[in-house]
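Visitor: Please show me the structure, and let me ask how each term is justified.

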Amino acid sequence: MIPISRPQIGEEEERAVLEVLHSGQLAQGPRVREFEEAFAAFCGTEYAVAVSSGTTALLTSLLAHGIGLGHEVITSPFTFIASANSILFTGARPVFADIDPESFNIDPALIADKITERTRAILPVHLYGYPCEMDSIMTIADAHGLIVIEDACQAHGAAVRAKKVGSFGTGCFSFYPSKNMTTAEGGMITTGDEEIAERARLIRNHGQSQLYYHEAPGYNFRMTELQAALGEVQLRKLPEWTNQRRENAAYLSARLKNVVTPKVREGYDHVYHQYTVRIPQDRDGALQQLNERGIGGRVYYPLPVHQQPLYRQLGFEDSLPVAEQASREVLSLPVHPALKEEELDSIVSEVSKL
Ligand SMILES: Cc1ncc(COP(=O)(O)O)c(C=O)c1O
C-alpha cells in the first residue's frame, strides 16, 4: 500500500533525541526555547509558544484571548473536529459559515452574516495546507473588532503573497506524525502580541510565573525537550520537503484524469499537506477501488462538523450545503515527500481506471 503519509525520521532526528535523553533535562527547557525561536523566525512572528498538541494550541490561544462562556466564534464546518471542539471547551459556541467550493476553506463572503453581538473571534482553518483568503478575513475582523485565530495545524509554511499563515492573527500549529513536520505529538502558537504570548505561557504551565507562584488558572500543556529536539531538526528539513510535495502535486495535476484536481490562486503558496481531488460520482466506490489496488487514499472529512453526532446532540441544525457536498466528494491521494516516481505513476494509473 502506498501510504497517505509517512513520517520522515533520519539519523539527525535519532541523534538529537538521544542527546536529550542523555542530557538529564527531559521536560520543557532550553531546547523548547530554541525550537520556539526557530519557529517564530520561520513564520515571521515575534513570539512562538510550544505546547503539547495542535488541540492545546487552539484551546490555549482562545483562552489567552479571553474567549469563554457567552461568546461565539465563527469557524469552518469542514475541518478536523478539534478546530470546533477547542471553542466548545472554552464555554463559547462555534458558529459555522459555509466553505468556498474550490478552496474548501471558509468563504469570507458568508462570515459577515454570522456576526452577532456575542461574536468575539473568527477561526479560519487553512485546510489541506491551502491558505484561507486572509486579506478578506482580516478586513472583516478589523471592521467588527474581532480576534483572528488561525488553525494552521495543516499548513506549516503556507503563505499569502509571501506572508506566512500564523502571522496574520494568532497561529496554531500541530506536529502530529502525519503533518508536514512532526514532533510525534506537539503544537505551537505564533503571535506578534507579547501579552498573548505571555498569557499562553502561563496557561500551558499551571499559570505559574515563578516556581510555585500561580497567577492564573492553567494546565499542563508543556512540550518536552525530546519533542523540541525532533522539531528543530524537522523544521530545518521542512522547506525541502515542501518543495517535494509541490513537485509531486504538480506531477499528479498534470496527469490525473477523471477527477477534479486542486486549483491554486495566484500569490497563494499551498504546502500540500493533502492533495485533495473531487470525485462527484461514487467517491466511496472510488476510494474502495483505490485502496484495494494499493493506493492509500483517504477522505478528510466524511462528515462535516455540524453533522457530527456530538453537534447534533448539542442542537446544531445548520444546513451548510457546500461543506456537505464536499464531504461526499473529496478524496485525498498520497503526495508526501517520500513518494517515488513509480508510486506517483501508479497513483495516476489507478485513478485513470476509475
Ligand atoms: C485542522 C486541524 N486542527 C486541529 C488539529 C489538532 O491537532 P493535534 O492532533 O496535534 O491535537 C488537527 C490535527 O489533527 C488538524 O488537522
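**Ligand contacts**

Guide: An N or O atom in the side chain of Asp151 is 2.7 Å from a nitrogen atom of the ligand. The model is predicted, so local features need pLDDT of at least 70 and side-chain atom pairs pLDDT 80 or more, while totals for chains, interfaces and linings use all residues. Residues are numbered from 1 along each chain as its sequence is written, and side-chain values use heavy atoms, with hydrogens and water left out.

Visitor: What makes the pair at Ser174 a polar contact?

Guide: A polar contact is a pair of N or O atoms within 3.5 Å; within protein, one must be able to donate a hydrogen and the other to accept it, and residues adjacent in sequence count only if both atoms are side-chain atoms. The side chain of Ser174 has an N or O atom 2.7 Å from an oxygen atom of the ligand, so the pair falls within the limit. For Lys179, a polar side-chain atom lies 2.9 Å from an oxygen atom of the ligand. The protein covers 92% of the 390 Å² of accessible area that the ligand has on its own, by the Shrake-Rupley method with a 1.4 Å probe.

Visitor: Which residues come nearest to the ligand?

Guide: They are Gly54, Thr55, Asp151, Ser174 and Lys179, out of 15 residues around the ligand. A residue counts as near if one of its heavy atoms lies within 4 Å.

**Helix H7**

Visitor: How do you know what span to expect of helix H7?

Guide: The expected span is 1.5 Å times one less than the number of residues. H7 (residues 225-255) has 31 residues, for which 45 Å is expected, and its first and last C-alpha are 43 Å apart, close to that value. Helices (H or I, at least four residues) and strands (E, at least two) are DSSP runs numbered from the N terminus.

Visitor: Where does H7 bend?

Guide: H7 bends by about 45 degrees at Leu238, and Pro239 follows within four residues. The bend is the angle between axes fitted to the seven residues ending at a residue and the seven starting there.

Visitor: Why is Ala228 called buried?

Guide: Buried means under 20% relative accessible area, exposed over 50%, and partly exposed in between (1.4 Å probe, protein chains only). Ala228, found in helix H7, has 0% and is therefore buried. Lys257, in the loop between H7 and E12, has 55% and so counts as exposed.

**Positive phi**

Visitor: Why is His206 called partly exposed?

Guide: His206 has 36% relative accessibility and therefore counts as partly exposed. His206 lies in the loop between helix H6 (194-204) and strand E10 (208-210), and has a positive phi of about 60 degrees although it is not a glycine. Tyr212 has a phi near 65 degrees, also positive in a residue other than glycine. With a relative accessible area of 65%, Tyr212 is exposed.

**Strand pairs**

Visitor: How do you know that E2 and E3 pair?

Guide: Two strands pair if DSSP finds at least two bridges between them. E2 and strand E3 (residues 93-96) have 4 bridges, in the parallel sense. The bridge partner of Ile74 in E3 is Val95.

Visitor: What makes E7 and E12 edge strands?

Guide: The open sheet of 3 strands has the order E7-E6-E12, with antiparallel pairing. Strand E7 (163-164) and strand E12 (268-269) each pair on one side only.
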